[in-house]
Amino acid sequence: MNAIGSIFNGATSLLKGMSVTFRALFTKPVTMPYPHKEPELTEAYRSAIELIRFEETDTHDCVACLQCEQICPSFCIKIEGDRPEGMKKKRATRFDMDFALCSLCGLCIDVCPTTTLKYSRIYDEAGYQREWVHDLLDGFREGEAAYLERAIAEEAEKAAAREAKRAAAAEAKAKKAAEEAAKAAAAPEPEAAAAPEPQAAAPVEVSDESAPAEPAPASAAADSAKEEEGEGA
Ligand code: SF4
Ligand code: SF4
């Protein structure tokens, strides 16, 4: 290729590149000046799990059932818990989660009976170590004592209400039984059933053939005897 051809090829290629750059001047940018600007994450974005803070209690609801720890295929969750005195449910006292191992499979979220787990929206975590363990209870510890106090008071209130309801039901039952007993005592004794009247014997029809012959009158018998004597003489 001669020099003129090379110059022509170079100029063509330059113009092609410049045309791409020129078109980009009028299109919406697909990049952003991170970290100077916060990225807008899509709804589908997911990162390592975290505990949900519920509005009504202002804390999480992990009852340390260990279901998430047992189902996690990456073995990245470690939980401990105990049952505070006066409460029915247990509370987590340790919830460590190794972000480096989590594969975002979501199994822990699916099995949680109190729905207190969700994917976090963390996007800028970085570190210099292999160990990347987060304490998920961090941020909840401060209000834990106040929550326990409220929860124990609520439990006691509910227990008292249950006991009152049970006592009321027992009282109503006893009252009903007493009323029924009083009603039964006040009811008159049932009279003895009247003996049935003996029925008159039905007349027995006797046929002429089977009926015994009526005795002949005495005069007729005497006449008959005289006739017999006469015949004999
Ligand atoms: S998302 Fe999956 S890998 Fe991550 S902690 Fe939950 S169960 Fe384990
Ligand atoms: S499954 Fe839910 S309630 Fe049970 S230990 Fe895990 S986070 Fe806590």
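Start by selecting residues 204-222, where pLDDT (the predictor's confidence in each residue, from 0 to 100) stays under 50. The model has 2 contacts beyond four places in sequence for this stretch, a contact being two residues whose C-beta atoms, placed from the backbone, lie within 7 Å. Next, select residues 229-233: pLDDT is below 50 here too, and the stretch has 0 contacts beyond near neighbours in sequence. Across the protein chain, the mean pLDDT is 84, and 81% of residues reach 70 or more.

A word on what you are viewing: this is a predicted model, in which local features need pLDDT of at least 70, side-chain atom pairs count only at pLDDT 80 or more, and totals for chains, interfaces and linings use all residues. Residues are numbered from 1 along each chain as its sequence is written, while chains are lettered from A and ligands numbered from 1 in the order in which they are written.

**The whole chain**

Switch to a cartoon view and you can pick out 5 helices and 5 strands; these are DSSP runs numbered from the N terminus, helices being H or I of at least four residues and strands E of at least two. Along the sequence they follow the pattern α-β-α-β-β-α-β-β-α-α. Of the 233 residues, 8% count as buried, meaning that 20 or more other C-beta atoms lie within 10 Å of the residue's own; 12 or fewer makes a residue exposed, and anything in between partly exposed, with C-beta atoms placed from the backbone. Among contacts with a separation of 6 or more, 73% link residues 24 or more positions apart.

**The sheet**

Now select strand 2 (77-82) and strand 3 (91-98), then add strand 5 (133-135). These 3 strands form an open antiparallel sheet in the order 2-3-5, where pairing requires at least two DSSP bridges between two strands. Strand 2 and strand 5 are the edges, each pairing on one side only. Strand 2 and strand 3 pair over 6 bridges; to see one position, show Ile77, which stands opposite Met97 in strand 3.

**Gly86**

Follow the loop between strand 2 and strand 3 to Gly86. Gly86 is partly exposed, because 13 other C-beta atoms lie within 10 Å. Which residues does Gly86 touch, not counting those up to four places away in sequence? Select Ile152, Glu155 and Ala156. The C-alpha atoms of Gly86 and Glu155 are separated by 7.2 Å, although the two residues are 69 apart along the chain.

**Backbone stops**

Zoom to Pro35, in the loop between helix 1 (3-24) and strand 1 (47-51). A cis peptide bond joins Tyr34 to Pro35, with omega about 5°. Move on to Leu66, between strand 1 and helix 2 (67-71), where phi is near 70°, a positive value in a residue other than glycine. Then visit Phe75, in the loop between helix 2 and strand 2; its phi, near 50°, is also positive. Phe75 counts as exposed because it has 10 C-beta neighbours inside 10 Å.

**The two ligands**

Finish by showing the ligands and their shells, in which a residue is near a molecule if its C-beta atom, placed from the backbone, lies within 6 Å of it. Ligand 1 is surrounded by 13 residues, with Cys72, Ser74, Cys102, Cys105 and Cys108 closest. Around ligand 2 there are 15 residues, and Cys62, Cys65, Gln67, Cys68 and Cys112 come nearest.
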